[in-house]
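Visitor: Got a minute to go through this model with me? I'd like quick answers, one topic at a time.

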Amino acid sequence: MSWVLGVDSGGSGLRVALADAADPTRSESVVSREAVRTGPSGIETAHLLAQLLPMAGELLGRAGGVEVAAVAVGAAGMATLGDDLRERLPAALESSLGVRRLALAADAVTAYAGALGQQPGAVVAAGTGMIALGTDLTGWRRADGWGHLLGDCGGGAWIGRAGLEAAMRAHDGRRGGSPALLERLEAVFGPAAGLPGQLYPRHDRPALLASFAPEVAGCSAGDPVAAWILREAARQIVDAAEAVCPPAGAGAAEMALTGGLLKLGDPLLIPVREEFAARLPHVRAVPAAGDPLAGAVRIAAALATGTLRLPSDPRLLRLAGEQLR
């Protein structure tokens, strides 16, 4: 039996799974709620390894000390902030785990693999952030995923920030404020005037912002400001999908929506479905088969068995170690 590790590093924490390469659905996983830090050199390899290696060790211990044939790491920010990981992680994993087959992927790629496997199509991955990715298996088309300061429009941090802004407007007495969201802000974070001091020093600001998205959804039935935020999020999500889906007349197209943001339920999903139906009638929406962690496991299993079909890319999906020799 050949064993593989899949790793999902997102804005809200780190997940690691150990699976049978011949049947990636057979897996065990462990979770850390501490997000991997980002510093001046990008995603911090040392912080990732400080969490990943003990988690991998726990899983390998449960399995009786088996050897790992391949690892796939999917990380939020890999495309733009992953230079340090790409440089240092292959050697670190080879020396610590004996792994010589490694895939370093943007979390959108592992979301794609989890949702659609290795077939052409498009995926919108909406969690703390938001990115859309499409492929014809010869290359990738990407839209957004530029982080909470420059994009991730419609994602959890975007919704949470918009909700908190509306709450602060109500606190100040400015137009566009939401007393309902102000009430929820103070219930969750305490006095509104103290929120900047809690938010700005944090290295995990996107996750903190995204934690308020469920409050926006919870208020949306009775609060027009909250409802508008979710409708605008739906428009932003479909903007990204439209940019990566093939145009009408280019043949059949499938698209899946995946990510933790779906847990907001109907307050977001209903306007998303309405936007898709109005703007992308030629695209067939399909349920995601699995999540980004499942996608990382699938990619690792394909590496181990020599069946990887997803296109490599210097920033989105890079193969390292034995795969390049």
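Visitor: Let's start with one side chain. Is Phe 212 buried or exposed?

Guide: Buried, in a model that is predicted. Phe 212 has a relative accessibility of 0%.

Visitor: How many aromatic pairs are there in the whole structure?

Guide: Searching the whole structure turns up two. One is Tyr 112 with Trp 140, an edge-to-face pair. Their centres are 5.4 Å apart, with 85 degrees between the planes.

Visitor: Where do Tyr 112 and Trp 140 sit?

Guide: Tyr 112 is in helix α4, residues 107-116, and Trp 140 is in strand β10. The pair therefore ties together parts that are 28 residues apart in sequence.

Visitor: Tyr 112: buried or exposed?

Guide: Tyr 112 is buried, at 0% relative accessible area. Trp 140 counts as buried too, at 14% relative accessibility.

Visitor: And what is the geometry of the pair between Phe 189 and Phe 212?

Guide: That pair is tilted. Centre to centre it spans 6.2 Å, and the planes make an angle of 40 degrees.

Visitor: Which parts of the chain does that pair link?

Guide: Distant ones, 23 residues apart. Phe 189 belongs to helix α6, residues 179-189. Phe 212 is in the loop between α8 and α9.

Visitor: Why does Phe 189 count as buried?

Guide: Because its relative accessibility is 11%, and the cut-off for buried is under 20%.

Visitor: New topic, the strands. How many residues of β6 are buried?

Guide: Seven of eight. Strand β6 covers residues 68-75 and is mostly covered.

Visitor: Which way do β1 and β6 run, and how many bridges join them?

Guide: They run parallel, joined by seven bridges. Strand β1 is residues 3-10. Val 7 stands opposite Val 73 in β6.

Visitor: How many bridges join β6 to β7?

Guide: Five, and these two strands run parallel as well. Strand β7 is residues 101-106. Here Gly 74 stands opposite Ala 105 in β7.

Visitor: Backbone next. What is phi of Leu 137?

Guide: Near 75 degrees. That is a positive value in a residue other than glycine. Leu 137 is in the loop between β9, residues 130-135, and β10, residues 140-144.

Visitor: What about phi of Asp 144?

Guide: Positive again, about 65 degrees, and Asp 144 is not a glycine either. Asp 144 lies in strand β10.

Visitor: Is Asp 144 buried or exposed?

Guide: Buried, at 14% relative accessibility.

Visitor: Now cysteines. How many disulfides does the structure hold?

Guide: Zero. Take Cys 153: the nearest cysteine sulfur is that of Cys 245, 17 Å away. A disulfide needs the two sulfur atoms within 2.5 Å, so Cys 153 is in none.

Visitor: And Cys 219, buried or exposed?

Guide: Buried, with 13% relative accessibility.

Visitor: Pockets, then. What is the volume of the second largest pocket?

Guide: About 350 Å³. It is lined by 17 residues. The closest to its centre are Arg 161, Leu 164, Leu 199, Tyr 200 and Leu 209.

Visitor: Which elements give two or more residues to that lining?

Guide: Helices α5 (156-172), α7 (195-199) and α8 (205-210). The largest share comes from α5, with six residues.

Visitor: How does the lining divide into nonpolar, polar and charged?

Guide: There are 11 nonpolar residues, two polar and four charged.

Visitor: Back to α5. Is Gly 156 in that helix buried or exposed?

Guide: Gly 156 is in helix α5 and counts as buried, at 1% relative accessibility. From Gly 156 to Ala 192 the C-alpha distance is 20 Å, with the two residues 36 apart in sequence.

Visitor: And where is Ala 170 found?

Guide: Also in helix α5. Ala 170 is partly exposed, with 23% relative accessible area.

Visitor: Last one. How far apart are the C-alpha atoms of Ala 170 and Gly 98?

Guide: They are separated by 56 Å. Along the chain, Ala 170 and Gly 98 are 72 residues apart.

How values were computed: Residues numbered from 1 in each chain as written. Predicted model: local features only at pLDDT ≥ 70, side-chain atom pairs only at ≥ 80, totals over all residues. Heavy atoms only, no water. Buried < 20%, exposed > 50% of the residue type's maximum accessible area, 1.4 Å probe, protein only. Helix = DSSP H or I, 4+ residues; strand = E, 2+ residues; numbered from the N terminus. Pairing = 2+ DSSP bridges. 1 Å grid on protein atoms, 1.4 Å probe; cavity = no way out; pocket = protein on both sides within 12 Å on 5 of 7 lines; lining within 4 Å. Points joined across faces, edges and corners; volume = space filled by probe spheres on them. Nonpolar A, V, L, I, M, F, W, Y, C, P; charged D, E, K, R; others polar. Phe/Tyr/Trp six-rings, centres within 6.5 Å; stacked < 30°, edge-to-face > 60°.
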